[in-house]
Amino acid sequence: MHGGPPCRQGAEATRAHAPGAPPHPDRLHHAKGRDHLSYRTADDKGSLVVELLPWDPPEYEPVWKAAARSSHRELVLRYRLHTVPPGIPTWFIAREHRFTRDLHWRTGVLLEHPDRAHVALLTMDRLTKTVELRVRGPYPQDFFAVLKDGFEETLERYPGLGIDRLVPCPLTASDGTSCPHEFRHEQLVSRIGLIPPRELIECPIHIADLDVRQLLQGIEPPDQQRSERLAQSVAAIVLRQTEQMSLQAQQTKQFNRDVLERLDEIKIKQDAIAAEQQRTFLASLRLQQSWQAVQCPSVVTMEHVRRRAGGLLGSVVRLHLYCEAPGQWHHLPDAVPYEVKLTPETAATVLPYAQKILSVLKYVVPVAGASIGIASEDLAKHLKGAVETMEALVAGLPEELADRGTLDGIRSMIRTASGAEFRAMHQLLSTLDPKQIWGGLTKVPTPEGHVYWLCTIHADQYRGLPGELPQR
Ligand SMILES: [Zn+2]
Ligand SMILES: [Zn+2]
């Protein structure tokens, strides 16, 4: 269907060709005998030879300007390169082609998120050897993180390349021009890492103190507590707006368009927050893990099926795997769940993990719906059920195990953010599924270097994309 046998010439050893990886169709290949990178577009109608892109930018400004609304935010990060290798920024343009709006040129690209509310602009100034990544939208953090990872992956192709990462001063002069001062990203990060942290930094042009955390907000991933608070507050707003809308509809027999539009924008924001939360959660689990090291899916929900009169221990818990598509987590209706009898050991693995998953699962928005062949209501109902049963399971946790004198151990495990509970869970899953069927989930590399376990439909969205670009 995707035509042509997989390209094996040259250094085409992509991560997707690793043993056990999904077949990688021939979408990205070098034109024979030349050093061009040709990238066939998703609709198979044409191909993008990135080294042959026009030098003159197309009309991208109207789209970019339209994304600058008062309710939108903008994130900016600059990369100053000591030398500019030939694949910058063209390899990035190929890598992120799934977000294309056909607005790309030799030194820049405008990209759009599938939600159509978030727009990104990456441009390179050849004179100053500076690449600038900017993202605008109601909640640009998630799209920004994806593209930043994509660009960092591109830079990794050039070991030893001197790079300064810079955060421009967000203040503006009275005439509206932006401040020319730039803060070094690594210095901002190390200030926050100090004990106690140095939270203020002066802009020498404005002679004003700026909040370092604010400067880094959106550029660095949020901590889990912040992201939970955000998800919680936006969920409350959505609920309030929805109630207001249905009340209005009852009274006037029609929907108010303003309220509808507001609700749409808040829902887009909610989806972006959920996507960021899920992506950050999986990234923290897989910190520094290579393709090979990610051995099994990580999003698992627990259902308490057979209770024993005596309490948790001895009862049976069913484990359900989830598809890990960022922002679209969902259960697998056809997968057979694993059953685990709770012993002191399995309980010490399953229950703290349930707590961990719950902190993200609570804010999952069932958005995948029709696109994956499950009705949105079913998705929502299943999710609600999963959250409720897990809350009940976790609620019973301390007293249950207190009787057996293991309370302190369990409590401290819940509190620590170490990878210990993940490793224990992965070990348990491996014994439950020795053949590694994983409910039909496939391990998929993304062009940004992330690894997700996905259902067939979500895996298809990444098929043929450069999981890892060939090394020159
Ligand atoms: Zn300034
Ligand atoms: Zn899926």
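**Helices α8 and α12 cross in the left-handed sense.** By that we mean that the near helix is turned anticlockwise from the far one by less than a right angle, whereas clockwise would be right-handed. This is a predicted model, in which local features need pLDDT of at least 70 and side-chain atom pairs count only at pLDDT 80 or more, while totals for chains, interfaces and linings use all residues. Residues are numbered from 1 along each chain as its sequence is written, and chains are lettered from A and ligands numbered from 1 in the order in which they are written. Here α8 spans residues 344-361 and α12 spans residues 420-432; they pack at about 120 degrees with axes 9 Å apart. (Axes are lines fitted to C-alpha atoms, for helices over the stretch in contact, and angles run from 0 to 180 degrees between N-to-C directions.) The angle makes α8 oblique to α12, since under 35 degrees counts as roughly parallel, over 145 as roughly antiparallel, 65 to 115 as roughly perpendicular and the rest as oblique. Look for Thr-346, Thr-349, Pro-352, Tyr-353 and Lys-356 on α8, which meet Glu-421, Ala-424, Met-425 and Leu-428 on α12; contact means C-beta atoms, placed from the backbone, within 7 Å. By class, five of these residues are nonpolar, two polar and two charged. (Ala, Val, Leu, Ile, Met, Phe, Trp, Tyr, Cys and Pro are nonpolar, Asp, Glu, Lys and Arg charged, and the others, Gly among them, polar.)

**Helices α6 and α7 pack with their axes 9 Å apart.** Helix α6 covers residues 224-252, helix α7 covers residues 257-285, and the angle between them is about 155 degrees. That angle makes the two helices roughly antiparallel. Their crossing is left-handed. On the α6 side, the contact includes Leu-230, Val-234, Ile-237 and Met-245, and on the α7 side it includes Val-259, Leu-263, Ile-266 and Ile-273. Polar and charged side chains take part too, among them Gln-241 and Gln-244 of α6 and Arg-262 and Glu-276 of α7. In total, the contact has twelve nonpolar, eight polar and four charged residues.

**Seven strands form an open sheet in the order β5-β6-β7-β8-β4-β9-β10, with antiparallel pairing.** Helices (H or I, at least four residues) and strands (E, at least two) are DSSP runs numbered from the N terminus, and two strands pair if DSSP finds at least two bridges between them. The edges are β5 and β10, each pairing on one side only. From one strand to the next, the twist averages 20 degrees. Strand β4 (residues 73-81) shares eight bridges with β8 (residues 130-137), and there Leu-77 stands opposite Leu-133. Four bridges join β4 to β9 (residues 163-168), with Arg-80 facing Asp-164. Three bridges then connect β9 with β10, where Leu-166 is opposite Arg-184. Lying across β4, β6, β7, β8 and β9 is helix α3 (residues 141-155), which runs at about 160 degrees to β8.

**Strands β11 and β12 form a hairpin with four residues between them.** Four bridges tie β11 (residues 200-203) to β12 (residues 208-211) in the antiparallel sense. Glu-202 has Asp-209 as its bridge partner. In the turn, Ile-207 has a positive phi of about 45 degrees.

**Two cis peptide bonds precede prolines in loops.** One runs from Ile-88 to Pro-89, with omega near 0 degrees, and Pro-89 sits in the loop between β4 and α2. Another runs from Ile-195 to Pro-196, with omega near -10 degrees; Pro-196 belongs to the loop between α4 and β11.

**Asp-102 and Arg-116 have positive phi values although neither is a glycine.** For background, most residues other than glycine have a negative phi, and most peptide bonds are trans. Asp-102, in strand β5, has a phi of about 60 degrees. It counts as exposed because 11 C-beta neighbours lie inside 10 Å. (Counting other C-beta atoms within 10 Å, with C-beta atoms placed from the backbone, 20 or more means buried, 12 or fewer exposed, and in between partly exposed.) Arg-116, in the loop between β6 and β7, has phi near 65 degrees and is exposed, with 10 such atoms.

**His-97 is a buried residue in the loop between α2 and β5.** It has 22 C-beta neighbours inside 10 Å. Its C-alpha atom is 9.7 Å from that of Val-109, twelve residues apart along the chain. For context, 35% of the 472 residues of the protein count as buried.

How values were computed: Two residues are in contact if their C-beta atoms, placed from the backbone, lie within 7 Å.
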